[in-house]
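Reader: I would like a close look at one part of this protein, the pocket and what surrounds it. Please take me through it in one connected answer.

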Amino acid sequence: MDSKIISLFFVFLGLNLHAQQFIGNNGIISFFSQAPLENISAINKKVVAAYDATTNDILFQLKIEHFNFHKTLMEEHFNENYLESDIYPNSTFTGKIIEKNNERVTVEGYLTIHGETNKIKVKGKLLENDNSIRINADFVVKLADYKVKIPKIVTYKIAKEIEVIVDIELKEIE
């Protein structure tokens, strides 16, 4: 886990040391692209996240190169041609839970992909257990919003909108 990022998150927010804080380092974010000629999916199982239950602040970070594809060539094209992971190695989300109704939540914040940051609002679930929470969400990312360029030659192989699925368990910091 990148503990420096999590530590910086808590320091930056000036959080109370007695607050209910959670961290996770083995979250999963996957995506799916359904296009006329080909479906593409990938999964990243090294997602880092932090959540402060007192302030409802939340942070996610992942390395782009940690996405795994079924086909090696797809992974190469994804990293080298589309997401340019050598130039833009990370994707982050910083936000806040703005609405909570039992386990259903609405989160609003800033998603950064490919060096571009956009404000988004996502509905999901926050399931609380004894000393942990599980976060699940499903939302759509428009590639154009993040200036990801798709060459015309492969336009029927890559969707313009990508479905993103988040699943992570965070443990309480004691």
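Author: What follows goes from the overall fold to the pocket, then to the strands around it and to a few single residues.

The model is a predicted one. Its secondary structure comes to two helices and nine strands, and along the sequence these follow the pattern α-β-β-β-β-α-β-β-β-β-β. Of the 174 residues, 42% count as buried. Taking contacts between residues at least 6 apart in sequence, 57% join residues at least 24 apart.

The largest pocket holds about 890 Å³ of space. Its lining is made up of 48 residues, and Phe31, Phe67, Phe78, Ile162 and Val164 lie nearest the centre. Sorted by class, the lining has 35 nonpolar, eight polar and five charged residues. Several elements contribute at least two lining residues each: β1 (21-34), β3, α2 (72-82), β5, β6, β7 (116-128), β8 (132-142) and β9 (161-172). The largest share, six residues, comes from β7.

Phe31 also turns up in the nonpolar core. The largest such core has 43 residues, and Phe31 and Phe60 are those with the most contacts inside it. In soluble globular proteins, nonpolar side chains tend to be buried together. Phe60, leaving out residues up to four places away in sequence, touches Val47, Val48, Ala49, Ser91, Thr92, Phe93, Ile135, Val166 and Ile168. Two of these partners, Ile135 and Ile168, stand opposite each other, with Ile168 in β9.

The pairing of the strands can be followed from β3 onward. Strand β3 (residues 57-63) runs antiparallel to strand β5 (residues 90-101), and seven bridges join them. One residue pair here is Gln61 with Thr92, the latter in β5. Thr92 has a bridge partner in β6 as well, namely Thr112. Between β5 and strand β6 (residues 104-113) there are nine bridges, again in the antiparallel sense. These two strands form a hairpin with two residues between them, and in that hairpin Asn102 takes a positive phi near 60 degrees.

Further along, β7 and β8 pair in the antiparallel sense over five bridges. They too form a hairpin, with three residues between the strands. Glu128 has its bridge partner, Ile133, in β8. From β8 the pairing goes on to β9: 11 bridges join the two, which run antiparallel. In a regular strand the side chains alternate between the two faces of the sheet.

Three loops deserve a word. Between β1 and β2 (39-52) lies a loop that holds Ala35. Ala35 counts as buried because its relative accessibility is 10%, below the cut-off of 20%. Outside its neighbours within four places in sequence, Ala35 is in contact with Tyr156, Lys157, Ile158 and Ala159. Of these, Lys157 is 122 residues from Ala35 in sequence, yet the two are 5.3 Å apart in space, C-alpha to C-alpha.

The loop between β6 and β7 holds His114. His114 is not a glycine but has a positive phi of about 55 degrees. Most residues other than glycine have a negative phi. At 7% relative accessibility, His114 is under the 20% limit and therefore counts as buried.

Glu84 is the residue to look at in the loop between α2 and β5. Its phi is near 45 degrees, again a positive value in a residue other than glycine. Glu84 counts as partly exposed because its relative accessibility is 25%, and that class runs from 20% to 50%.

Glu84 leads back to helix α2, where Asn79 lies. Apart from residues up to four places away in sequence, Asn79 touches Ile64, Glu65, Glu84 and Ser85. With 12% relative accessibility, Asn79 counts as buried. Helix α2 is itself among the elements that supply at least two residues of the lining of the largest pocket, and this brings the account back to where it began.

How values were computed: Residues numbered from 1 in each chain as written. Predicted model: local features only at pLDDT ≥ 70, side-chain atom pairs only at ≥ 80, totals over all residues. Heavy atoms only, no water. Pairing = 2+ DSSP bridges. Helix = DSSP H or I, 4+ residues; strand = E, 2+ residues; numbered from the N terminus. 1 Å grid on protein atoms, 1.4 Å probe; cavity = no way out; pocket = protein on both sides within 12 Å on 5 of 7 lines; lining within 4 Å. Points joined across faces, edges and corners; volume = space filled by probe spheres on them. Nonpolar A, V, L, I, M, F, W, Y, C, P; charged D, E, K, R; others polar. Core = buried A, V, L, I, M, F, W, Y, C linked by side-chain atoms within 4.5 Å. Buried < 20%, exposed > 50% of the residue type's maximum accessible area, 1.4 Å probe, protein only. Contact = heavy atoms within 4.5 Å.
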